[in-house]
Amino acid sequence: MLMLISLATAAAGIVTAALMLDTPPLSLPRLCAVIVLVFSSSAAAVYCYGWFSVTMGGPFPELCEDRNASGAELASMQQEYWPLRSACVYSDGATVEHVSMLINVLVCVPASLAVVLACVGAVLRRRARPPAERIS
């Protein structure tokens with residue numbers, strides 16, 4: 001449910017940003033707020049997709065090999081929800097972890113950009129206010 005809400009919020013944010021660019025005067029703090037909404041909701045949607053995949057029992061994101069390089073059989077799989085990793089444990093005690101760089105990039109980069117843009121929007125909003133409002 002959260003994934004669907006996040007996707008809908010990201011789509012609404014993109015439409016809002018496009019409409020804001022067409023109507024002057026452009027308020028940069030508000031545009032930053034809308035872009036923060038788009039980045040944060042898209043990061044949440046990607047993370048929810050990964051979490052849902054792990055919850056449904058499939059290894060996320062890579063599959064484990066039946067045998068490792070030394071010929072040992074797969075004994076078990078361990079999965080974690082953050083950072084969405086799968087660990088393949090083999091009968092000889094060897095463990096191979098799979099962490100998808102793509103998922104980390106698709107979750108961490110938009111979330112980081114959202115934080116940076118939130119700070120930029122706050123600074124721009126503070127600079128736009130008259131000095132009398134800043135004191136109180």
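A residue counts as partly exposed when its relative accessible area falls between the limit for buried, under 20%, and the limit for exposed, over 50%. The legends below apply these terms to a predicted model.

**Figure 1. Overview of the predicted model and its order of elements.** The protein contains 4 helices and 3 strands. Read from the N terminus, these elements follow the order α-α-β-β-β-α-α. Of the 136 residues in the protein, 29% are buried. The protein exposes about 8800 Å², and 68% of this area is supplied by carbon and sulfur atoms. Where residues at least 6 apart in sequence are in contact, 51% of the contacts join residues at least 24 apart.

**Figure 2. The nonpolar patch formed by Met-1, Leu-2, Leu-4, Ile-5 and Leu-7.** These residues make a nonpolar patch of about 570 Å² on the surface. Met-1 belongs to the segment that precedes helix H1 (2–22). With a relative accessible area of 76%, Met-1 is exposed, because the limit for that class is over 50%. Leu-4, another member of the patch, is among the exposed residues on the face of H1 turned away from its buried side.

**Figure 3. The buried and exposed faces of helix H1.** The 21 residues of H1 should span 30 Å at 1.5 Å a residue, and the end C-alpha atoms of the helix are 30 Å apart, in agreement with that value. Ser-6, Ala-10, Gly-13, Ala-17 and Met-20 are the buried residues of H1. They cover an arc of only 95° around the axis and therefore lie on the same side of H1. An α-helix has 3.6 residues a turn, so residues three or four places apart point the same way. The buried residues of H1 pack against H2. The face turned away from the buried side carries the exposed residues Leu-4, Leu-19 and Asp-22.

**Figure 4. The cis peptide bond between Pro-24 and Pro-25.** The bond from Pro-24 to Pro-25 is cis, and its omega is near -10°. Most peptide bonds are trans. Pro-25 is located in the loop that lies between H1 and helix H2 (28–55).

**Figure 5. The salt bridge of Arg-67 and Glu-73.** A search of the whole structure finds 1 salt bridge. In the pair formed by Arg-67 and Glu-73, the closest N and O atoms are 3.2 Å apart. Side chains of opposite charge can pair when their charged atoms come close. Arg-67 counts as partly exposed because its relative accessibility is 47%. Glu-73 likewise counts as partly exposed, at 46% relative accessibility.

**Figure 6. Helix H3 and its packing against H2 and strand S3.** H3 has 28 residues, and the distance from its first C-alpha to its last is 39 Å, close to the 40 Å expected at 1.5 Å a residue. The buried residues of H3 are Ile-103, Asn-104, Val-107, Pro-110, Ala-114, Leu-117 and Gly-121. These buried residues pack against H2 and strand S3 (95–99).

**Figure 7. Ala-122 of helix H3 and Arg-30.** Ala-122 lies in H3, which comprises residues 101–128. Its relative accessible area is 48%, so Ala-122 is partly exposed. Ala-122 and Arg-30 are separated by 92 residues in sequence, while their C-alpha atoms are 9.7 Å apart in space.

Conventions
Residues numbered from 1 in each chain as written. Predicted model: local features only at pLDDT ≥ 70, side-chain atom pairs only at ≥ 80, totals over all residues. Heavy atoms only, no water. Patch = residues over 30% accessible without salt bridge, like charges linked within 9 Å, V, L, I, M, F, W, Y side chains within 5 Å. Areas by Shrake-Rupley, 256 points an atom, 1.4 Å probe, with all protein chains shown as cover. Salt bridge = Lys/Arg side-chain N within 4 Å of Asp/Glu carboxyl O. Helix = DSSP H or I, 4+ residues; strand = E, 2+ residues; numbered from the N terminus. Buried < 20%, exposed > 50% of the residue type's maximum accessible area, 1.4 Å probe, protein only. Expected span 1.5 Å × (residues − 1). Arc of directions from axis to C-beta. Contact = heavy atoms within 4.5 Å.
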